[in-house]
Amino acid sequence: MKRKYLIVTHKTLAAGFEDTLNFFTNNRENIIAISSYENGENSFPKDKVESVIKNIPNNSQLFIFTDLLGGSVNQKCSQYVYNENVIVITGINLALVLSLVLEPEGNIPLMKIQKIINDAKKQMVLMNTYLNNNTESDE
């Protein structure tokens, strides 16, 4: 069972994530990027998103990754959580998306997804204080 990953963001951030994920995973057939409000578009690409959702097999998961919790892209994508095969995650970072893409095949339970999100949050660190604290303890 293959999982699909749809990255939907403002402007070209989605394409950057897709390119970087392909570099690390070589999983091109399962990673799809859709840029919103790009090239003069003033509307959410609803048709493109719904086309991806429509083509997901019944026994598969589709992860939709968005950039901002309060943003219009996430608001539009969150309406699809009522489809049992769709998982929407916002506020993404590379550690989170990479961890999910690299999970072994099969559906990922929601509790496991939450753990991966919590672990990815730990990757956000203020290096100014982190380096000072860890340099001092090394001496």
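# Briefing: a parallel sheet and the helices around it

The buried residues of helix 5 are covered by elements that include strand 3, strand 4 (86-90) and helix 4 (94-101). Please keep in mind as you look around that this is a predicted model. The sheet at the centre of this tour is open, with 4 strands in the order 2-1-3-4 and parallel pairing. Below, we start with helix 5, walk through the sheet, and end with two glutamates.

**Helix 5 and its buried face**

- Helix 5 covers residues 110-121, which makes 12 residues.
- From first C-alpha to last, helix 5 reaches 17 Å, close to the 16 Å expected at 1.5 Å a residue.
- Which residues of helix 5 are buried? They are Ile 113, Ile 116, Ile 117 and Ala 120.
- Looking down the axis of helix 5, you will find these buried residues within an arc of 100 degrees, so they line one face of the helix.

**The sheet as a whole**

- In general, the strands of a sheet pair through backbone hydrogen bonds, in either a parallel or an antiparallel way.
- In this open sheet the pairing is parallel, and the strand order is 2-1-3-4.
- Strand 2 and strand 4 are the edge strands, each pairing on one side only.
- Direction ignored, neighbouring strands of this sheet are turned by 20 degrees against each other on average.
- Helix 4 lies across strand 1, strand 2, strand 3 and strand 4, and runs at about 170 degrees to strand 3.

**Strand 1 and its partners**

- How many bridges link strand 1 (residues 4-10) with strand 2 (residues 31-36)? There are 6 bridges, and the two strands pair in the parallel sense.
- Between these two strands the chain passes through helix 1 (residues 13-25), giving a β-α-β crossover that is right-handed.
- Two places to check on the strand 2 side are Tyr 5, whose bridge partner is Ile 31, and Val 8, which stands opposite Ile 34.
- Strand 1 also runs parallel to strand 3 (residues 62-66), to which 5 bridges join it.
- On the strand 3 side, Leu 6 has Ile 64 as its bridge partner, while Ile 7 is partnered by Phe 65.
- Is strand 1 largely enclosed or largely open? With 5 of its 7 residues buried, strand 1 is largely enclosed by the rest of the structure.

**Glu 18, in helix 1**

- Glu 18 belongs to helix 1, and its relative accessible area of 24% makes it partly exposed.
- Apart from neighbours within four places in sequence, Glu 18 is in contact with Ile 7, Ile 31, Ile 32 and Ala 33.
- Among these contacts, Ile 31 is the bridge partner of Tyr 5, and Ile 7 is the bridge partner of Phe 65.
- Glu 18 and Ile 31 are 13 residues apart along the chain, with 6.5 Å separating their C-alpha atoms.

**Glu 103, between helix 4 and helix 5**

- You will find Glu 103 in the loop between helix 4 and helix 5.
- Is Glu 103 buried or partly exposed? Its relative accessibility is 21%, and since buried means under 20%, Glu 103 counts as partly exposed.
- Once neighbours within four places in sequence are set aside, the contacts of Glu 103 are Arg 3, Ile 108, Lys 112 and Ile 116.
- Of these, Ile 116 is also one of the buried residues of helix 5.
- Arg 3 and Glu 103 lie 100 residues apart along the chain, yet 9.8 Å separates their C-alpha atoms.

Note on methods: Residues numbered from 1 in each chain as written. Predicted model: local features only at pLDDT ≥ 70, side-chain atom pairs only at ≥ 80, totals over all residues. Heavy atoms only, no water. Pairing = 2+ DSSP bridges. Right-handed = clockwise from strand over helix to strand, strands pointing away. Buried < 20%, exposed > 50% of the residue type's maximum accessible area, 1.4 Å probe, protein only. Expected span 1.5 Å × (residues − 1). Arc of directions from axis to C-beta. Contact = heavy atoms within 4.5 Å. Axes fitted to C-alpha atoms, helices over the stretch in contact; angles between N-to-C directions.
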